[in-house]
Amino acid sequence: MEVLPKQGAVGAEVIGIDVTKSDAQTVAAIRAAWLKHGVLLFRGQNLTPEGLAAFSAQFGELEPPPASEGGTREELGNQPVWYISNVKENGQAIGSLGNAEAEWHTDMSYLPEPPTTSILFAQEVPPSGGNTSFADMEAALDALDDDLRKAIAHRTVHHDSSTTSVGETRRGHDAVFDVTTAPGASHPALRTHPETGRVSLYLGRRRHAWIEGMAVGESEALLDRLWEHCAEPTFAWEHVWRAGDLVMWDNRRMIHRRDAFDPTTRRIMLRTQLCGDRPFK
Ligand SMILES: [Fe+2]
């Protein structure tokens, strides 16, 4: 197995490995590379839902799909795996998030203990579109202007749980009109990585966020400035998917977004995540 860092600021490709055959030593090497690079790509993998669950479980305890996510196929059985897809079968979406653009976000930061790790396997991808970008919030914090850093450093951010990254209201939730009363969880705006000790910006997502204790207008203005900074291409790697790609990222450190794609084309991704930990400053 070889680890080739991406040319930009973040990410690496792991080559020479069939992830269904990874032994303990390989898993330890993958884990070390993952902590170092933030996001890893393995190309040319051939994974069933069971295979993806088995690979994922080597890195920690799997979390089952949330009840608020869209339909999952019966064939998944009780696997802790779910679908991100725009495909419909018998008029029913087989997965969540459709074909729309997904804004920059951290997975499920609206939980008290957001997942540490997100893993995505491309089963079927459209001829173009649907690229996923990953951005490093340690690098973003390092490059933040002093005044912005001072303004956010000791703050707590409220992370809204009502709305998905594509702007849909989740099942069982009401639309949010006042960010100060949105459902979700609160976390320090800067978090320390429990394994590496490095500090990153931890903003979750822009939509319905609130910097607690601030007047809404002031919070909105500060969040806009912070997000403008986080979205700078210099912190990011844009991944163009091929079927058989497996990507795993550190959800404590990275944010990600997805481009829209043609709704008449098919995109089927299998996804797992590992149980979380409580963010601390
Ligand atoms: Fe996501």
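**Ala29, helix 1 and the open sheet**

Ala29 counts as partly exposed because 16 other C-beta atoms lie within 10 Å, a number that falls between the 12 or fewer of an exposed residue and the 20 or more of a buried one. The model is a predicted one, and in it Ala29 sits in helix 1, which covers residues 24-37. A look across to Val3 is worthwhile here: the two residues are 26 places apart in sequence, yet their C-alpha atoms are 9.4 Å apart in space.

Helix 1 itself is made of 14 residues. From first C-alpha to last it reaches 20 Å, close to the 20 Å expected at 1.5 Å a residue. Right after the helix comes Gly38, with a positive phi near 85°. As for its surroundings, helix 1 lies across strand 1, strand 2 (12-15), strand 3 (39-42) and strand 17 (246-250). Relative to strand 3, the helix runs at about 130°.

Those strands belong to an open sheet of 8 strands, in the order 1-2-3-17-9-19-4-7 and with mixed pairing. Its edges are strand 1 (2-5) and strand 7 (96-97), each of which pairs on one side only. In general, strands of a sheet pair through backbone hydrogen bonds, in either a parallel or an antiparallel sense.

Both senses turn up at the edges of this sheet. Strand 1 pairs with strand 2 in the antiparallel sense, over 4 bridges, and Glu2 stands opposite Ile15 of strand 2. The two strands make a hairpin with 6 residues between them. Gly11, in the turn, has a positive phi of about 90°. At the other edge, strand 7 and strand 4 (residues 82-85) pair in the parallel sense over 2 bridges; here Ile84 has Ser96 of strand 7 as its bridge partner.

Helix 1 is not alone in lying across this sheet. Helix 2 (residues 49-57) lies across strand 9 (115-124) and strand 19 (268-276), and runs at about 30° to strand 19.

Then there is the nonpolar core. The largest one has 57 residues, and the members that touch the most others are Ala135, Met137, Ala140, Leu201 and Cys230. Taking Leu201 as the example, and leaving aside neighbours within four places in sequence, its contacts are Met137, Ala140, Leu141, Ala189, Leu190 and Cys230.

Notes
Residues numbered from 1 in each chain as written. Predicted model: local features only at pLDDT ≥ 70, side-chain atom pairs only at ≥ 80, totals over all residues. Pairing = 2+ DSSP bridges. Contact = placed C-beta atoms within 7 Å. Axes fitted to C-alpha atoms, helices over the stretch in contact; angles between N-to-C directions. Core = buried A, V, L, I, M, F, W, Y, C linked by C-beta atoms within 7 Å. Expected span 1.5 Å × (residues − 1).
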